[in-house]
Amino acid sequence: MSLGLLGRKVGMMRIFTDDGDSIPVTVVDVSNNRVAQIKTPETDGYTAVQVAFGQRRASRVTKAVAGHHAKAGVEAGTLLKEFRVDAAKAAELKAGEVVAVSLFEVGQKVDVQGVSIGKGYAGTIKRHNFASGRQTHGNSRSHNVPGSIGMAQDPGRVFPGKRMTGHMGDVTTTVQNLEIARIDADRQLLLVKGAIPGAKNGQVVVSPAVKVKAKKGA
């Protein structure tokens, strides 16, 4: 029930603290987040804010999507997502309004969602962290095989979900409880401590953390 920002993963770098410590950060461009729609219980049955990010020509989207953005008076984007918010927060915003990076603050914990880098077809060692077989003493051509997958006569089948070889990566994933190390308000950049999902120029969703650990003594 909180508003977030959509962005583009620029890449990774490092910054230095006043004490000289090096901190790895991921730079996220969250410029030009604009409100495409305000959903209300009267019209939609729930309260939410729909946010658009990126730039896309109206001729490159469907007529329905183009009309949806034209109604709000905003440019069509490459990413469209809605955030559930309370009625008070929704009342503060209106269609066409820009949501700035000031929505977050330095030191705040956030969750970042993106599409992980695709690894292609991978074996069980890479995909599921299996151990390889012995490299010597009669182990012929069975160094990196997953081993037997058969069952006994009962049940006589392989259960669904068995960890086997297959496509790895290229899935929507979320990294939780990352810390905002620095904010560049002029260029609308978030510097998030650590790594986030996806490749360079990948689209991500940054939202306030939902599992923030309580401080000691609180």
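## Salt bridges in a spread-out chain

At 13% relative accessibility, lysine 39 counts as buried, because buried means under 20% relative accessible area. Its residue is a good place to start exploring this predicted model.

Lysine 39 meets the side chain of glutamate 82 in a salt bridge, with 2.9 Å from N to O. This pair links distant parts of the chain, since lysine 39 sits in strand β3 (residues 33-39) and glutamate 82 in strand β5 (residues 79-84), 43 residues apart. Glutamate 82 itself is partly exposed, at 27% relative accessible area.

Side chains of opposite charge can pair when their charged atoms come close. In this chain the count comes to 5 salt bridges. Three of them, including the one just described, are set out here.

| Salt bridge | Closest N and O atoms |
|---|---|
| Lysine 39 – glutamate 82 | 2.9 Å |
| Arginine 8 – aspartate 29 | 3.7 Å |
| Lysine 89 – glutamate 92 | 3.7 Å |

Arginine 8 lies in strand β1 (residues 5-16) and aspartate 29 in strand β2 (residues 22-29), so their salt bridge ties together parts that are 21 residues apart in sequence. Arginine 8 is partly exposed at 28%, while aspartate 29 is buried at 13%. In the remaining row, glutamate 92 is exposed at 55% and lysine 89 is partly exposed at 26%.

Now for the whole chain: it has 3 helices and 12 strands. Its radius of gyration is 23 Å, well over the 17 Å that the globule rule gives for 218 residues, so the chain is more spread out than a compact globule. Buried residues make up 33% of the 218 residues.

Note on methods
Residues numbered from 1 in each chain as written. Predicted model: local features only at pLDDT ≥ 70, side-chain atom pairs only at ≥ 80, totals over all residues. Heavy atoms only, no water. Helix = DSSP H or I, 4+ residues; strand = E, 2+ residues; numbered from the N terminus. Rg over C-alpha atoms; globule rule 2.2 N^0.38 Å. Buried < 20%, exposed > 50% of the residue type's maximum accessible area, 1.4 Å probe, protein only. Salt bridge = Lys/Arg side-chain N within 4 Å of Asp/Glu carboxyl O.
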